[in-house]
Amino acid sequence: VTAESVVGGALEGVRVVDTTQGVAGPYCSHLLATLGAEVVKVEPADGDWLRHTGPPYVDGTPAAAYQLNRGKRSVALDLDTAAGTTVLLRLLRDSDVFLHDLTEEGAAARGLTPEELRAVNPHLVDCSVTAFGETGPWAELPGTELEVQSTGGVWRYLGAVGEDPVRVGADVTGILGGCAAFQAVLAALAADGPVVGQHVSTSQLAALMGVNTVMIAALDDPDTWDGFHTNAATYPRDHGVSTADGQIYWGQPLRSEEKWVAFCQEIGADDVLEDPRFVTRETRMPNQMALRQALQPYFSRYGTEELVEKVVRSDGIAVPLQDHRAVVEHPQVAALGLVVEAEGMRTLVPPWRAGDDSIQPLTAASPQVGADTAAVLAAHGFLPDELDQLVGARAVPAPDHPQQQTGNTEQGAAS
Amino acid sequence: VQQMQEHEPGTAGHPVWPAPPIGEQPTGPLAGVKVLDLTAYAVGPWAACNLAQLGADVVRVDPPYGDPIRAVLPRKNGEPTTYMSCTLGKRSVVLDLKDERDHATVLRLAAAADVVLENSRAGTMDRLGLGYGSLSATNPRLVYCSSSSFGDAGPMAGMGSTDPQGQAFSGFASGNGAEGGEPEVLRYIALVDLGTSMQLLNAVLVGLVARKRSGVGQHLRTSQMEGAMGLQMTRFAEFFASGTPSGPAGSGSRTLVPSRALRCSDGVWVSLTAHTAEAWQALCATLHLTDVEWLASLTTHEARAERREDVDKLLQDALSERPSTWWTQVLPRNGVPCVRLRSLDEKPEQQEHVIRNGLVRRVAHPVRGTVAVAGPMWRFERTPARLGDPELPGAHTEEILGQIADASAAVPS
């Protein structure tokens, strides 16, 4: 590792064993792998459940699972067998980080409590990332993205009161839960001096509550039921404003009063300027909804690009409401190089950039289930006849176990 | 500003850091890490607040004219709640980054800091002479982390943005809304802003881990656009594979079937998902659907996804036969994710599970009473995180400036 590449390789040599499935844990280990950690993904013979979603597919693997697992190695291991747990403990003996989704109850049942893990490896950072938390009344509830969003109440800020519920389309609790696990692991590794082996934990719900802290404080018996936070749940759906050919988001008054007047005149909205609700910034603030409605007929006359340009020229902020294709094709995204082509497949670059440009996206192919079982076990000192015994004990699938084909390879061609 | 550009790196004088307050010492994994928080609004301040929870010693610079976030309502006992929730556990000193008379103090703190955080528009800190180049010249171990709106290059560098604008531009809003309807913005909970704050915190930790190995700091950058795109990592993966933007799907998912909200006989909505083969079988058994021939033939997820509408309709019919209280007991017990959507007047923070896990805490403001906020997101067995209390802006100005003046008198320049 050279001084120039040290940020991107900050975790080179750090060995991670990851038994998580879905999005949260795998996103955490994806970030760890991005920084050079060696991630061994331990999954059942049929694979992480995320491998059984989709379409779309990439080389037969659901696209999300494909991207999350790039650069990791896959070991197929049945942790419901005693031999499987024994193998796991042997892997953990020579590892630095154990990422899992065990609750306190689950860890105790499997002989993987923090004490039992430390007996095997006193320097191990063992991190639990679950849907709802490792303890408490909901700990044993099965849950995915949708259930955590529902429990955390995020759905109430989409859709309309009395109508069908709407979820956040993105897997926000999975990604944020993965971030929180990444933070717990990195903080444990970053502390001064030798790494203190310890148990750390977080959950998708904890991360969702975390990013809700502004709302939790706002709704805690405020002086006046005022401001956009307090009433957000009962507001109508927010589609931005329509232009002649799309939608833009224009959410605040412009900064300079002269430029604001000039802007209104330019788009022909002179009558809006005369409305007493909109004469000063102070009166416009509480009347933003009405202002948006008043401007709508004028905004509809212009194309998105032209209108955004006019607003920006007036010192305001406006952006187009874009779908994923428009985002990827936008000159701003191109200028920053946020999407790259890797092995015939486009991918997002990591969410942070280092001054030395050393943080780079993972470009390796994504492993099939169990692709690295024999190699990883051999590297951890398992002898060939031990591997045979594990197959006999059904802890490891037989070499002729049908390769789990979760998707349709004909649809797998990357665009 | 002109004079600041002529500021010579290395003339900042001796590093000075105010002695941490006497009393309870931090226990978190970052105990001993000094953070200078030069941020405003929410993205930067909440990242620094989380660093304080992890044990770091955070000194926050508040401008004399006030952080603009203080104008955001509501207030509690006169104090803005958003400001309170994002500044817990910090010491605040009032200094004006735009006034060069305050720069000597800022530079001395930066020379002693392990981490500097800023979230000004791209280019602003360089213009003020407080960019990474200037500060790292005197302090090469500095981890300097920036968060902008649209990044520091390209046609939109230097533009500001609010949370809904980040949602609109990044594609985040395009996935929200009634199925087949217009995309809509997640209203006012600032999830994209605080999600970006999570990436800023990640960046700081990456910088600290790298520095532990190399001994040198680095400039790490993120932006609201990258934070918002990062939140959609799985949706972008699907777009890259299919070439077709997916659009709103109501409460459902286009890649996981079944997974959607369904209405029960008591009119209450529940969320229901069958993410594994076992959960799917258990769901069919619990709902007595194992005899439905076409359903039994859907043995793979791909087959279920192809008949998503039929599957959803069948499940809706089945769930409307019993109340939500029944389904949220029986289905999870059989391994099927199923929870009730909490009603509008039912706060998540009042749930027993949330309270017992400390996910919501009440903190005490020295003069403004108590306020509820999210608890630490992580538990550390050996190095516990701790939530600090809110403070008024500038509560520590006198103490901090006094210590810096004393240090200046003691050290020959």
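User: Where in chain A is A:Pro56 found?

Analyst: This is a predicted model. A:Pro56 sits in the loop between strand S2 (38-43) and strand S3 (57-58) of chain A.

User: What is the peptide bond from A:Pro55 to A:Pro56, cis or trans?

Analyst: Cis, with omega near 10°.

User: Which peptide bond to B:Pro258 is cis, and where is that proline?

Analyst: The bond from B:Val257, with omega near -5°. B:Pro258 is in the loop between helix H10 (233-242) and strand S9 (259-263) of chain B.

User: What makes the phi of A:Asp59 worth a remark?

Analyst: The angle is positive, about 50°, although the residue is not a glycine. A:Asp59 lies in the loop between S3 and strand S4 (61-62) of chain A.

User: What phi does B:Tyr41 have, and where is B:Tyr41 found?

Analyst: B:Tyr41 has a positive phi of about 65°, and this residue is not a glycine either. Its place is the loop between S1 and helix H2 (43-53) of chain B.

User: Why are H7(B) and H9(B) called oblique?

Analyst: Start with the angle. The axes of H7 (residues 163-170) and H9 (residues 224-231) of chain B cross at roughly 60° and come within 9 Å. Roughly perpendicular covers 65 to 115 degrees, and roughly parallel means under 35. The crossing angle falls in neither class, so the pair is oblique. The crossing is right-handed.

User: Which residues of H7(B) and H9(B) meet?

Analyst: From H7(B), B:Asp163, B:Gly166, B:Phe169 and B:Ser170. From H9(B), B:Gln224, B:Met225, B:Ala228 and B:Met229. By class, this contact has four nonpolar residues, three polar and one charged. Gly counts as polar, so B:Gly166 goes with the polar group.

User: What makes H6(A) roughly perpendicular to H7(A)?

Analyst: Helix H6 (residues 145-152) and helix H7 (residues 172-190) of chain A pack at about 90°, their axes 8 Å apart. The class runs from 65 to 115 degrees. The angle is inside that range, so the two are roughly perpendicular. A:Glu145, A:Val148 and A:Gln149 of H6(A) make the contact with A:Val172, A:Thr173 and A:Gly174 of H7(A). These residues divide into two nonpolar, three polar and one charged.

User: How do you know that the side chains of A:Arg118 and B:Glu381 meet in a salt bridge?

Analyst: The N to O distance is 3.0 Å. The cut-off is within 4 Å, so the pair qualifies. Across the interface of chain A and chain B the rule finds seven salt bridges. The whole structure has 44 over all chains.

User: Why does B:Arg386 with B:Glu24 count as a salt bridge?

Analyst: The closest N and O atoms are 3.1 Å apart. That is within the 4 Å limit, so the rule is met. The pair links distant parts of the chain, 362 residues apart. B:Arg386 is in the loop between strand S14 (379-380) and helix H17 (397-410), and B:Glu24 is in the loop between helix H1 (2-5) and strand S1 (34-37).

User: How many residues of chain A and of chain B are in contact?

Analyst: 160 residues of chain A are in contact with 144 of chain B. Together the chains bury about 13200 Å², with 64% of it on carbon and sulfur atoms. In chain A, A:Gln183, A:His324 and A:Arg353 lose the most area to chain B. Together they account for 6% of what that side buries.

Notes: Residues numbered from 1 in each chain as written. Chains lettered and ligands numbered in written order. Predicted model: local features only at pLDDT ≥ 70, side-chain atom pairs only at ≥ 80, totals over all residues. Heavy atoms only, no water. Axes fitted to C-alpha atoms, helices over the stretch in contact; angles between N-to-C directions. Helix = DSSP H or I, 4+ residues; strand = E, 2+ residues; numbered from the N terminus. Parallel < 35°, antiparallel > 145°, perpendicular 65-115°, else oblique. Left-handed = near helix turned anticlockwise from the far one by under 90°. Contact = heavy atoms within 4.5 Å. Buried area = accessible area lost by both parts, 1.4 Å probe.
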